[in-house]
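Biologist: Hello! Could you take me for a close look at one part of this model, the place where the strands pair up, and then show me how the rest of the chain fits around that part?

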Amino acid sequence: MEGKQIIGIDFDDTIVNYVERWIEVFNRETGKKASFNDVKAWRLFKLFSDVIDEKKMNEFFAKTWKEEYENIRLVDPLLPKVFADLYNDFSLYVITASFASDMQIEGLLKRNNVKYDKIVHVRSHEDKLSDKIRIYVDDNPVTAKEFSEEGKYIVLFDRPWNRDVKENGRIKRAATWTEAARKIKEFASY
Ligand SMILES: [Mg+2]
């Protein structure tokens with residue numbers, strides 16, 4: 001018998017609201033008053049190039065995990081319920097290039113009662129690509145474009161920085177996890 005299909009699920013801003021907390025750190029450090037909805041581009045340092053460069057952006061990424069950990073919450077309050085349901089039919093792999101440590105990722109999943117099978121920590125988004133996985137859930141517009149061209153199916157979690165990505169046969173958008181689960185099941189039936 002064939003095993004369960006693996007779903008590759010990103011962590012930052014697909015499971016937890018991370019950029020929202022990054023913005024807090026950014027505002028604190030720079031005196032700016034940016035908000036989550038201002039983040040209309042994927043590369044944060046380009047968006048705020050008047051005050052930060054790539055190095056500073058990364059510094060703030062690390063700082064966010066250090067200083068904002070307690071304030072990081074799920075992208076959708078229904079996520080634990082949706083994951084528990086998906087868990088019956090699929091293998092849920094949390095595949096992430098996050099600046100967080102494995103312990104922090106595990107801690108957040110546990111704190112929020114999120115069911116999953118495995119955490120795979122990779123170095124960059126390209127490393128998420130695997131022969132064993134057909135379906136990915138991610139917020140990264142670059143991953144969506146590249147992986148769909150590799151023949152993968154992508155559920156793109158709606159965020160201000162990926163709104164210009166159009167749906168096609170391989171990319172479907174989802175604004176909630178209830179919607180994401182529906183799209184996953186649709187792709188899984190292909
Ligand atoms: Mg992400």
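Modeller: Gladly! Let's begin with a single pair of residues: Ile135 has Tyr153 in strand S5 as its bridge partner. Please keep in mind that this is a predicted model. The pair belongs to a longer stretch of pairing, in which S4 and S5 (residues 153-157) run parallel and are joined by 4 bridges.

How do you get from S4 to S5? Helix H6 (residues 141-149) forms a β-α-β unit with S4 and S5, and the unit is right-handed.

S4 has another partner too. Strand S4 (residues 133-138) pairs with strand S1 (residues 5-9), again in the parallel sense and over 4 bridges. If you want a residue to click on here, try Gly8, whose bridge partner in S4 is Tyr136. As background for looking at side chains, those of a regular strand alternate between the two faces of the sheet.

Now step out to the helices, and to H3 in particular. Helix H3 covers residues 54-67, which makes 14 residues, and its first and last C-alpha atoms are 20 Å apart, close to the 20 Å expected at 1.5 Å a residue. Which residues of H3 are buried? They are Phe60, Thr64 and Trp65. These three lie on the same side of H3, because the arc they cover around the axis is only 140 degrees. Their packing partners are H1 and helix H5 (102-111). Turn to the other side of H3 and you will find Lys55, Ala62 and Lys66, which are exposed.

From H1 you can walk on into a loop. Lys33 sits in the loop that links helix H1 (19-30) to helix H2 (44-47). Is Lys33 buried or exposed? Lys33 counts as exposed because 8 other C-beta atoms lie within 10 Å, where the cut-off for exposed is 12 or fewer. Its C-alpha atom is 8.7 Å from that of Ile23, a residue 10 positions away along the chain.

Finally, the whole chain. The protein chain holds 7 helices and 6 strands, and along the sequence they come in the order β-α-α-α-α-β-α-β-β-α-β-β-α. The chain's radius of gyration is 16 Å, close to the 16 Å from the globule rule for 190 residues, so the chain is as compact as a globular protein of that length. Along the principal axes, its C-alpha trace spans about 55 × 35 × 25 Å. Of the 190 residues, 36% count as buried. Among contacts between residues at least 6 apart in sequence, 62% join residues at least 24 apart.

Key
Residues numbered from 1 in each chain as written. Predicted model: local features only at pLDDT ≥ 70, side-chain atom pairs only at ≥ 80, totals over all residues. Helix = DSSP H or I, 4+ residues; strand = E, 2+ residues; numbered from the N terminus. Buried ≥ 20, exposed ≤ 12 C-beta atoms within 10 Å, placed from the backbone. Expected span 1.5 Å × (residues − 1). Arc of directions from axis to C-beta. Contact = placed C-beta atoms within 7 Å. Pairing = 2+ DSSP bridges. Right-handed = clockwise from strand over helix to strand, strands pointing away. Rg over C-alpha atoms; globule rule 2.2 N^0.38 Å.
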